[in-house]
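Trainee: Please take a close look at one part of this model for me. I would like to hear about the packing of its helices, with the surroundings filled in.

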Amino acid sequence: MRTTVEINDAIYKKIIKTYGKRNISNTINEILLKYFTKEKKQSLYGADPWLKKTGTTDLRDEYDRDL
């Protein structure tokens with residue numbers, strides 16, 4: 001699809017310098033694709049990424065303890 005997008009001059013110059021004039025559309029498409037397809041991690045465990053979901057098979061009864 002063709003459309004017109006206004007880009008900040010500083011960003012335009014940076015894209016031209018880094019990727020060249022012929023790759024403007026491809027570069028913008030790659031950046032937008034990464035931004036919009038980024039996986040959003042929402043967990044019931046909050047902000048602690050080291051906590052993992054486990055099943056109830058790991059739970060012990062009170063009879064399993066050595067007292």
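Mentor: The protein has two helices and zero strands. Both terms refer to DSSP runs, numbered from the N terminus: H or I over at least four residues for a helix, E over at least two for a strand. This is a predicted model, where local features need pLDDT of at least 70, side-chain atom pairs count only at pLDDT 80 or more, and totals for chains, interfaces and linings use all residues. Residues are numbered from 1 along each chain as its sequence is written, and side-chain values use heavy atoms, with hydrogens and water left out.

Now the helix pair. Helix α1 spans residues 9-19 and helix α2 residues 24-36; their axes come within 10 Å and cross at roughly 110°. Axes are lines fitted to C-alpha atoms, for helices over the stretch in contact, and angles run from 0 to 180 degrees between N-to-C directions. So α1 is roughly perpendicular to α2, the label for 65 to 115 degrees. On α1, the contact (heavy atoms within 4.5 Å) uses Tyr12, Ile15, Ile16 and Tyr19. On α2, Ile24, Thr27 and Ile28 take part. These contact residues divide into six nonpolar, one polar and no charged. Here Ala, Val, Leu, Ile, Met, Phe, Trp, Tyr, Cys and Pro count as nonpolar, Asp, Glu, Lys and Arg as charged, and the others, Gly among them, as polar.

Next, burial. Of the 67 residues of the protein, 4% count as buried, meaning under 20% relative accessible area with a 1.4 Å probe, protein chains only.

Methods:
Angles under 35 degrees count as roughly parallel, over 145 as roughly antiparallel, 65 to 115 as roughly perpendicular and the rest as oblique. Buried means under 20% relative accessible area, exposed over 50%, partly exposed in between (1.4 Å probe, protein chains only).
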